[in-house]
Amino acid sequence: QVQLVESGGGLVQTGGSLRLSCAASGRTFSTYAMGWFRQAPGKEREFVAAIGGIGRSGVITYYADPVKGRFTISRDNSKNMVYLQMNSLKPEDTAVYYCAARSSIYLKIRTDEYDYWGQGTQVTVSS
């Protein structure tokens with residue numbers, strides 16, 4: 001069982017930055033692929049970014065097109081943490097952001113491919 005707790009959300013102006021953090025429990029954190037998703041009011045939860053677990057090819061990352069070049073996902077396996085650095089924020093980035101983990105080193109982008117979820121953290125970008 002993995003428990004995930006997000007933090008770092010808040011209110012920021014257009015063009016600003018935020019760093020989201022996700023603290024994970026569990027002794028095999030490095031073997032889990034981790035993802036960030038978001039859900040805006042009235043919309044479905046959507047993929048934002050993912051990072052694979054440690055494998056022979058190193059750590060792989062993948063981003064949704066709307067956030068490429070602005071967001072960066074990273075992980076610190078020594079601390080059981082995953083981060084989402086968000087720069088150049090736009091009003092359309094406003095959503096509840098969720099951290100998710102899947103029991104595999106291979107990252108995925110569908111919500112049903114993740115096994116564990118955090119409670120979410122609100123990000124609001126004002127125009």
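These are my notebook entries on a disulfide, a sheet, a buried aspartate and two unusual backbone angles.

**Entry 1: the model**

I am working from a predicted model. I keep to what was computed from it.

**Entry 2: the disulfide**

I began with the cysteines. How many disulfides does the structure hold? I found 1 disulfide. Its partners are Cys22 and Cys99, with sulfur atoms 2.1 Å apart. I then looked up where the two residues sit. Cys22 belongs to strand β3, residues 18-24. Cys99 belongs to strand β9, residues 95-102. The two cysteines are 77 residues apart, so I noted a link between distant parts of the chain. Next I checked the handedness. The torsion about the S-S bond of Cys22 and Cys99 is about -80 degrees, so I wrote down a left-handed disulfide. Are Cys22 and Cys99 buried or exposed? I have both down as buried.

**Entry 3: the sheet around β3**

Cys22 led me to β3, so I followed this strand into its sheet. The sheet is open and has 4 strands. I read their order as β1-β3-β8-β7, with antiparallel pairing. Which strands lie at the edges? They are β1 (4-7) and β7 (71-76), each pairing on one side only. On average, neighbouring strands here are turned by 15 degrees against each other, direction ignored. I reminded myself that strands of a sheet pair through backbone hydrogen bonds, either parallel or antiparallel.

I took the pairs of β3 one by one. With β1, the strand shares 4 bridges and runs antiparallel. Ser7 has Ser21 of β3 as its bridge partner. With β8, I count 6 bridges, again antiparallel. Here I marked two facing pairs. Ala23 stands opposite Met81 in β8, and Leu20 stands opposite Leu84 in β8. I also checked how covered β3 is. Of its 7 residues, 5 are buried, and I call the strand mostly covered.

**Entry 4: Asp93**

I moved on to the loop between β8 (81-86) and β9, where Asp93 is found. How accessible is Asp93? Its relative accessible area is 1%, and buried means under 20%, so I list Asp93 as buried.

What does the side chain of Asp93 meet? I found a polar contact of 2.9 Å between the side chains of Asp93 and Arg38. A polar atom of the Asp93 side chain also lies 2.8 Å from the backbone nitrogen of Lys90. I then listed the contacts of Asp93, leaving aside neighbours within four places in sequence. They are Arg38, Arg70, Phe71, Ser88, Val123 and Val125.

**Entry 5: two positive phi angles**

Most residues other than glycine have a negative phi. I noted two residues against that background.

Asn80 has a phi near 55 degrees, a positive value, and is not a glycine. I placed Asn80 in the loop between β7 and β8. Its relative accessible area is 17%, so under the 20% limit I list Asn80 as buried.

Ser88 also has a positive phi, about 50 degrees, although it is not a glycine. Where does Ser88 lie? I found Ser88 in the loop between β8 and β9. At 39% relative accessibility, Ser88 counts as partly exposed. I had already met Ser88 in Entry 4, among the contacts of Asp93.

Methods
Residues numbered from 1 in each chain as written. Predicted model: local features only at pLDDT ≥ 70, side-chain atom pairs only at ≥ 80, totals over all residues. Heavy atoms only, no water. Disulfide = S-S within 2.5 Å. Buried < 20%, exposed > 50% of the residue type's maximum accessible area, 1.4 Å probe, protein only. Polar contact = N/O pair within 3.5 Å; in protein donor to acceptor, adjacent residues only side chain to side chain. Contact = heavy atoms within 4.5 Å. Pairing = 2+ DSSP bridges. Axes fitted to C-alpha atoms, helices over the stretch in contact; angles between N-to-C directions.
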